[in-house]
Amino acid sequence: MQLDSKVPEGPLAEKWNKHKFDIKLVNPANKRKYDVIVVGTGLAGGAAAASLAELGYNVKAFCFQDSPRRAHSIAAQGGINAAKNYQNDGDSVFRLFYDTVKGGDYRSREANVHRLAEVSVNIIDQCVAQGVPFAREYGGLLDNRSFGGAQVSRTFYARGQTGQQLLLGAYSALSRQVDSGKVKMYTRSEMLDLVMVDGKARGIVVRNLINGEIESHSAHAVLLCTGGYGNVFFLSTNAMGSNATAAWRAHRKGALFANPCYTQIHPTCIPVSGGHQSKLTLMSESLRNDGRVWVPRTKELAEKVRSGQLKANDIKEADRDYYLETKYPAFGNLVPRDVASRNAKMACDDGRGVNKEGQAVFLDFRDAIKRDGKDLISAKYGNLFQMYHKITDENPYEVPMKIYPAVHYTMGGLWVDYNLMTTVPGCYALGEANFSDHGANRLGASALMQGLADGYFVIPYTIGDYLARMPYDKVATDHPEFKKAEQEVKDRIAKFVGKSEGTKTVDEFHKELGKIMWEYCGMARNTEGLTKAKKMIQELRADFHKNVKVSGGDKEFNQTLEKVMRVADFMELGELMVDDALNRSESCGGHFREESQTDEGEAKRKDDEFSYVAAWEYKGENQQAELHKEALEFENVKLTQRSYK
Amino acid sequence: MNLTLQIWRQNKPDINNNGNYQNGEGKMTEYKVADISPDMSFLEMLDELNEDLLKKGDDPVAFDHDCREGICGMCSLYINGQPHGPESGTTACQLHMRSFKDGDTIYIEPWRAKAFPVVKDLVVNRSSFDRIMQAGGYVSVNTGVTVDANEIPVAKTIADEAFNMAACIGCGACVAACKNASAMLFVSAKVSQLSLLPQGKAERKKRVERMVAQMDEEGFGACTNTGACSAECPKDIPLSSIARMNREYFEAKITSNNV
Amino acid sequence: MSSTTQKIAKDKKGWFVDMMTSTIGRKVLMALTGIFLCLFLIIHLIGNLQLLKNDGGTAFNEYAHFMGSNPLIQTVSILNFTFIILHIVYSIILTRMNMQARPRKYAYSKPAANSNWRSRKMMALGSIILIFLIVHLVYFWGKMKLTHYGLVEEGVLVKKFGTTDQLHLYDLVNAAFSDIIMVVLYVVSMIALAFHLSHGFQSAFQTFGLNHVKYTPLIKTVGYAFAILIPLGYALIPIIMFATK
């Protein structure tokens with residue numbers, strides 16, 4: 001298979017404008033003749049559904065939650081980047097582009113990233129017009145904060161709830177289109193398969209989660225805006241329902257899956273407190289603007305802290321190792337996420353972790369409170385401090401927070417071309433579900449930017465190019481391909497329903513999978529561990545299909561059944577992640593191969609060998625996936641060893 | 001710690017075959033859970049119960065939850081006689097077991113309102129909230145505006161107040177807490193946010209008229225100013241938002257051209 | 001047009017009816033009538049205080065006469081009765097509606113955790129006041145009204161009231177308040193009124209949309225003062241009259 005990225009010719013800064021002119025348009029009067037399915041209603045899906053409906057397309061939008069407003073984009077805290085340069089500190093579209101490519105450790109597609117930086121400014125305009133209450137300065141103008149991996153203040157925010165406010169903006173635009181009749185909204189509906197007719201994506205099969213009915217929906221194009229797959233790890237900052245099923249089913253139908261091993265481990269999460277833990281909570285990395293990361297200088301001191309003999313506040317200044325500030329004087333505590341995470345792991349591996357399990361480092365606001373006063377710190381981070389206090393029962397105004405990295409975001413996803421189309425014609429992937437913009441590591445406040453860029457400003461143009469070539473004819477849902485897909489879905493469900501004799505619950509299997517992934521395919525990876533993990537996953541998967549215990553029937557509201565279907569797909573995706581991590585024997589961004597590091601323990605890329613997108617083709621159940629490569633060419637940035645010193 | 005749970009179990013939904021509301025059959029059922037750690041979240045305690053039930057071959061308790069960090073608004077449990085349980089400013093998913101004592105009996109029920117019919121056990125259907133938002137909870141602006149974001153300054157105090165209103169997570173605790181199952185706090189939060197900001201001014205009359213009409217259509221009760229909604233709101237939306245909506249509503253009704 | 005829009009459009013009965021039958025409209029009507037009745041309470045109390053004048057009832061009777069014969073007062077009193085009836089009828093409609101909004105009650109509820117009881121029990125408190133009102137009307141106003149007319153000759157009040165020649169309104173009240181049961185009932189009703197007002201007064205302002213960081217505390221203070229002083233004034237009269245009989 002030849003991967004064609006369809007990146008337009010011409011100078012980088014002109015590609016998008018040129019492309020917008022070159023692509024075909026659908027006549028306004030003809031738009032209503034096309035149906036578009038949007039799966040997922042987060043930032044990408046909500047924005048896409050609303051924007052396409054505004055243009056005149058008939059949109060059917062689907063989400064598994066009880067309302068489109070609950071998609072997990074809502075949990076993003078810190079902010080959204082845009083190259084507005086309102087702060088007059090030297091920001092520009094090119095700088096945002098450059099920072100993003102560099103932050104992604106030179107594993108993203110230049111043209112996509114530049115487009116992202118270009119439309120970033122429109123996003124802010126759009127959201128403000130929708131009534132998103134961004135933080136403002138006293139003069140009434142928008143405020144910015146700085147974020148990891150950047151030396152300018154370009155992050156727009158709405159207290160610690162930026163994702164919520166942006167999502168509610170998209171949700172309001174979507175609601176308006178539902179009211180106008182241009183969007184038909186299906187809630188509590190989970191996509192279980194992609195339907196192909198004549199080699200094109202023409203619809204989906206969903207399960208109505210309330211009554212268990214299997215329903216088919218037909219359209220001229222299908223947009224997957226279904227988020228990432230971080231929940232493969234069981235413990236992650238993703239929502240409990242976040243899953244990879246839609247993307248994985250598209251993958252099985254022919255959509256290549258790109259860079260699955262690129263997962264982002266977020267450095268500032270609340271550490272695991274016990275085996276009962278169901279998910280991890282992220283503390284916005286904006287905290288690193290004012291908080292200082294440290295561990296005790298010696299193992300002995302750390303041991304005393306762990307056993308409770310010594311309080312953090314009693315440790316003398318000289319005995320504190322502010323390792324990020326010492327090691328990376330230029331960026332200090334604001335190094336990119338992967339660097340911060342890895343250094344926390346190294347400190348803990350070194351025996352200097354500070355919670356009972358030895359899996360935590362301090363994030364200290366003592367000095368910031370001394371400098372700025374409690375009120376200012378509270379105004380900036382009040383809700384985060386409150387959240388931390390609630391969860392841990394410790395007051396961060398008085399004692400330093402304890403943090404530890406956790407799985408947060410997946411840069412990998414369905415391979416898409418410049419138009420965001422997967423290798424299945426008519427099937428698009430937007431937002432976190434695709435792989436395109438963040439390379440091997442995503443910078444803070446860029447996920448919201450990408451989701452909204454794809455939904456508001458990219459897909460409304462690029463989808464026209466495809467639809468303009470499509471006939472208006474609709475495919476009826478009693479078409480044999482739909483019936484076949486429905487039957488496949490029903491068979492898949494039937495395999496699990498009534499497995500009341502199983503020995504282990506879905507969660508138990510999921511936790512085991514997560515442990516394998518975290519241990520061998522987490523913050524540091526090596527050949528030996530990955531090889532072992534691959535075998536373990538295969539065994540676990542076989543055991544899962546044989547012994548998983550499922551209660552209840554299929555024609556009813558059944559949360560166990562929902563879960564088992566999702567975990568079944570995680571079991572397959574987990575193996576592909578390991579395959580990809582094994583193949584990529586370099587370190588880059590969030591992917592750290594122990595075999596490939598500098599003398600100082602920093603990630604070392606092998607640009608000659610691995611400057612490509614690894615796109616995997618599904619070859620059948622229990623078959624080895626096939627690797628395809630899309631070479632990455634950098635014409636506008638010079639590849640250097642990333643350094644934040 | 002060991003706890004006794006009294007949980008509402010209901011198999012048949014509150015909506016009958018004709019699509020009308022009808023109380024589905026259900027009852028409070030007792031369960032015991034043991035060895036609960038105070039560091040567990042409330043929902044993790046329910047996870048443990050469900051694992052036990054599943055292993056015993058019983059039907060696990062259905063309950064809504066998703067982000068588990070207090071922002072998606074999915075969790076909706078009436079715990080010990082209060083929405084989201086005893087802690088103020090906290091969703092059920094952020095409630096921790098350290099708020100309870102060994103030997104406690106905990107009552108867990110779904111939100112109860114005609115406009116929130118039960119789907120199963122503790123799961124309710126809150127699509128009435130979506131329909132209210134569809135009636136006007138937006139600024140009519142198509143994608144692709146060309147007005148620069150800084151073109152219209154918004155006083156910080158106004159922006160902050162709008163944010164306080166926009167913080168609503170749409171969980172429905174206000175309805176659950178209100179003795180009249182009134183949705184005024186939810187509706188007024190959105191009405192207030194958009195009437196405060198200059199961007200929302202153009203449509204403010206039509207918006208409040210339509211949203212209130214839809215709210216009434218859904219069968220929510222009227223406000224009697226008990227303040228329970230605001231006291232139980234996990235995001236502390238203030239009662240002043242309802243006053244603002246009342247004001248907006250009358251002004252709109254009396255002065256709009258909509259006869 | 002979507003289902004939402006159609007539904008809203010279908011129910012349109014004209015803006016005024018829509019407004020006054022909306023949940024907000026009904027509440028505003030409750031608040032408006034309530035506030036008017038608060039004013040009435042003040043006027044009525046001023047009159048009642050005449051009972052305490054140590055003049056054998058002359059002042060009070062003159063006041064009663066004035067109230068009963070002045071055309072302006074007569075008009076206002078019709079309005080007053082209309083408002084009382086509206087207040088009652090709307091409260092019944094609203095309560096029914098509010099009860100229907102929750103067809104199944106909670107098995108276990110702790111409303112005291114989030115609201116005070118008087119705000120939740122306005123209907124019960126109001127019902128006590130209604131019973132009081134009925135008794136009050138039958139006992140005083142009814143007797144007076146039914147027999148008063150025709151007994152005024154050339155603007156002079158004839159000391160002839162009801163079937164007995166000796167009775168006039170002061171005597172009627174005095175007689176009633178020499179009965180300890182009447183006094184107790186009266187005082188209990190005034191306590192109910194106090195609680196009703198303590199929520200109702202400030203609640204009305206909230207319903208009108210008058211909620212402001214600067215003024216709401218003042219409204220609340222005035223509301224509580226009103227809720228205490230007015231019923232206290234009413235309740236003191238029978239107590240004093242009983243004590244000094």
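A polar contact here is a pair of N or O atoms within 3.5 Å; inside protein, one of the two must be able to donate a hydrogen and the other to accept it, and sequence neighbours count only if both atoms belong to side chains. Keep that in mind as we walk through this model, which is a predicted one.

Let's start with chain B. Its domain assignment gives domain 1, residues 3–124, and domain 2, residues 127–255. Taken over C-alpha atoms, the centres of these two domains of chain B are 28 Å apart. So what holds the eye at the boundary? Under the polar-contact rule, 4 residue pairs link domain 1 of chain B with domain 2 of chain B, both partners being at pLDDT 80 or more. Sorted by class, the residues of domain 1 of chain B that touch domain 2 of chain B come out as 9 nonpolar, 8 polar and 2 charged. Salt bridges are another matter: the rule finds 0 of them across this interface of chain B.

How much area do the two domains of chain B bury between them? The value is about 1,300 Å², with 60% of it on carbon and sulfur atoms. On the domain 1 side of chain B, the residues that lose the most area to domain 2 are B:Pro83, B:Ala115 and B:Phe116, and together they make up 33% of what that side buries. As for plain contacts, 19 residues of domain 1 of chain B meet 19 residues of domain 2 of chain B.

Chain A can be read in a similar way. Here the domain assignment gives domain 1 at 266–407 and domain 2 at 487–620. The C-alpha centres of these two domains of chain A lie 30 Å apart, and the contact takes 12 residues from domain 1 of chain A and 10 residues from domain 2 of chain A. The pair buries about 830 Å² between them, 60% of it on carbon and sulfur atoms. Which residues of domain 1 of chain A supply 50% of the area it buries against domain 2? They are A:Asp338, A:Arg342 and A:Lys345, and no other three residues supply more.

Despite those names, the count between the two domains of chain A is 0 salt bridges. The rule does find 3 residue pairs in polar contact across the interface of chain A, both partners at pLDDT 80 or more. Two elements of chain A, α10 (337–352) and β15 (401–410), each supply at least two residues of the domain 1 side that touches domain 2. The largest share of that side, 5 residues, comes from α10(A). By class, the domain 1 side of chain A has 6 nonpolar, 2 polar and 4 charged residues.

Now over to chain C, whose secondary structure comes to 10 helices and 2 strands. Along the sequence, chain C runs α-α-α-α-α-α-α-β-β-α-α-α. Of the 245 residues in chain C, 41% are buried. Among contacts in chain C between residues at least 6 apart in sequence, 74% join residues at least 24 apart.

One residue of chain C is a good place to stop and zoom in: C:Ser203, in helix α9 (residues 180–207) of chain C. Is C:Ser203 buried or exposed? C:Ser203 counts as buried because its relative accessibility is 8%, and the cut-off for buried is under 20%. Leaving out residues up to four places away in sequence, C:Ser203 touches B:Thr224 and B:Asn225. With B:Asn225 there is also a polar contact, side chain to side chain, at 2.6 Å.

Methods:
Residues numbered from 1 in each chain as written. Chains lettered and ligands numbered in written order. Predicted model: local features only at pLDDT ≥ 70, side-chain atom pairs only at ≥ 80, totals over all residues. Heavy atoms only, no water. Domains from an automatic or database assignment. Contact = heavy atoms within 4.5 Å. Buried area = accessible area lost by both parts, 1.4 Å probe. Salt bridge = Lys/Arg side-chain N within 4 Å of Asp/Glu carboxyl O. Nonpolar A, V, L, I, M, F, W, Y, C, P; charged D, E, K, R; others polar. Helix = DSSP H or I, 4+ residues; strand = E, 2+ residues; numbered from the N terminus. Buried < 20%, exposed > 50% of the residue type's maximum accessible area, 1.4 Å probe, protein only.
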